Amino acid sequence: MASQDWVDKDFYKILGVPKDASDADIKKSYRKLARKYHPDQNQNDPSAEKMFKDVSEAYSVLSDAEERQQYDAIRAMGGGARFSAGGGGGPAGGAGAGFEDIFGGLFNQSSGRSRRTTYSTGGSNIPPEFADLFGGGGFGGGGFGSAPPQKGADRTASTTISFAGSINGTVIGLREPSGEVVEVRVPAGVKDGQRIRVRGKGMPGAAGNGDLMVTVHVTPHDFFVRDGNNIRIHVPITFPEAALGATIEVPTLTADKVKLKVPAGTPSGRTLRVKGRGVHTSKGNGDLLVTVDVAVPSHLNKDAKAAVEAFAEATRGEDPRAGLAAKARL
């Protein structure tokens with residue numbers, strides 16, 4: 001749902017994408033900017049912190065098809081409209097529960113650092129004070145036109161957590177204007193874009209409160225890349241290790257190292273699998289997928305150069321490009 005300050009913010013410009021950008025382009029730009037301006041990489045830099053908040057807010061809107069459509073419509077109207085949960089000119093229910101931000105901020109309890117989160121109401125737009133009339137009281141107590149009582153509307157929120165928080169699980173707190181903190185437990189293994197439901201923290205209704213739906217965005221890691229519940233990494237190996245075979249150590253998500261056997265004759269770019277060392281979830285564990293890249297030394301001393309020349313002479317009959325011309329025929 002829309003926020004009243006949407007008319008003043010150009011989310012496309014913030015993310016550096018055109019208005020007709022695809023979902024993939026929006027996500028790609030967000031990942032790049034989130035990594036660049038993340039508070040962990042720019043400590044004590046207010047300008048970077050502000051950019052990170054703006055980028056996260058822009059992505060939370062443009063990555064949601066419904067919110068993006070509403071945002072485009074509001075911007076097209078030139079900001080002439082203001083919204084409330086009841087459809088009138090002001091906030092309904094006396095609590096400011098309209099399309100404007102419902103909460104004041106989001107903080108990570110483990111670090112104490114404030115983070116920007118956007119909120120909105122979802123589902124029915126019936127204000128709480130009209131719940132009995134439209135939900136379950138009927139008219140005049142006679143039962144004419146009566147319907148079952150309805151729960152209150154859901155509210156939605158969006159936030160960004162670290163890659164480590166997504167792997168290990170974390171706890172975040174949502175602070176309301178009243179000072180109440182809504183605790184959200186993010187389970188280990190949560191994926192980028194996944195929604196977490198906090199029951200009973202939505203809008204009030206005749207049959208009880210709705211829920212709060214928190215969309216979690218995950219900051220990309222510089223080394224580990226998530227692929228479903230598998231984790232992909234690239235590890236360099238030497239030519240002798242690739243040619244003769246070797247047992248090497250590679251890092252894992254748990255900060256320890258695991259031994260990996262590289263078979264003799266392994267080509268650069270081959271992916272080897274370490275079972276069960278990927279993402280751990282309640283439904284099972286993923287694997288660690290290790291792509292080995294043969295490292296070519298940029299400088300050779302006299303002895304090393306002589307050894308390479310001797311190897312080249314010993315393998316003179318080998319032609320790795322044999323048959324390449326036939327494959328290239330149109």
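The rings of F11, Y12 and Y71 are joined by ring pairs into a cluster. The structure described here is a predicted model, and this report considers its aromatic pairs, its nonpolar cores and its salt bridges in turn.

**Aromatic pairs**

The model contains five aromatic pairs. In one of them, the ring centres of Y30 and Y59 lie 4.1 Å apart with the planes at 10°, so this pair is classed as stacked. Y30 belongs to helix α2 (residues 23-37) and Y59 to helix α3, and the pair thereby links distant parts of the chain, 29 residues apart. Both Y30 and Y59 are buried. The rings of F223 and F224 adopt another arrangement: their centres are 5.1 Å apart and their planes stand at 75°, so the pair is edge-to-face. F223 is partly exposed, with a relative accessible area of 30%, whereas F224 is buried, at 11%.

**Nonpolar cores**

In soluble globular proteins, nonpolar side chains tend to be buried together. In this model, the largest nonpolar core comprises 34 residues. Within that core, V214, I231, I233, V250, L288 and V290 are the residues with the most contacts. What does V250 touch, once its neighbours within four places in sequence are left aside? The contacts of V250 are I233, V235, D256, K257, V258, L260, L288 and V290. Another core, of 20 residues, lies apart from the largest one, and F11, L15, F52 and A58 are among its members. F11 thus appears both in this 20-residue core and in the ring cluster with Y12 and Y71.

**Salt bridges**

The count of salt bridges comes to 17. Three of these pairs are set out below, each with the distance between its closest N and O atoms.

| Salt bridge | Closest N and O atoms |
|---|---|
| D64 and R195 | 3.6 Å |
| E180 and K201 | 3.2 Å |
| R316 and E313 | 2.4 Å |

How far apart along the chain are D64 and R195? The two residues are separated by 131 residues, and their salt bridge links distant parts of the chain. D64 is found in the loop between α3 (46-62) and α4 (65-76), while R195 is in strand β7 (residues 195-198). D64 is partly exposed, with a relative accessible area of 22%, and R195 is also partly exposed, with a value of 41%.

The salt bridge of E180 with K201 has its closest N and O atoms 3.2 Å apart. E180 occupies the loop between β5 (170-175) and β6 (181-186), and K201 the loop between β7 and β8 (212-218), so this salt bridge ties together parts that are 21 residues apart in sequence. Is E180 buried or exposed? E180 falls in between and counts as partly exposed, at 34% relative accessibility. K201, at 29% relative accessibility, likewise counts as partly exposed.

In the salt bridge of R316 with E313, the closest N and O atoms are 2.4 Å apart. R316 has a relative accessible area of 61% and is therefore exposed, because a residue is classed as exposed over 50%. E313, with a relative accessible area of 47%, is partly exposed.

Salt bridges also join K151, R197, R199 and D211 into a network. One of these residues, R197, lies within the range of strand β7 (residues 195-198), the strand that also holds R195, the partner of D64.

How values were computed
Residues are numbered from 1 along each chain as its sequence is written. This is a predicted model: local features need pLDDT of at least 70, side-chain atom pairs count only at pLDDT 80 or more; totals for chains, interfaces and linings use all residues. Side-chain values use heavy atoms; hydrogens and water are left out. A nonpolar core is a set of buried Ala, Val, Leu, Ile, Met, Phe, Trp, Tyr and Cys residues joined through side-chain atoms within 4.5 Å. Buried means under 20% relative accessible area, exposed over 50%, partly exposed in between (1.4 Å probe, protein chains only). Contact means heavy atoms within 4.5 Å. A salt bridge is a side-chain nitrogen of Lys or Arg within 4 Å of a carboxyl oxygen of Asp or Glu. Helices (H or I, at least four residues) and strands (E, at least two) are DSSP runs, numbered from the N terminus. Rings of Phe, Tyr and Trp (its six-membered ring) pair if their centres lie within 6.5 Å; planes under 30 degrees apart count as stacked, over 60 as edge-to-face and the rest as tilted.
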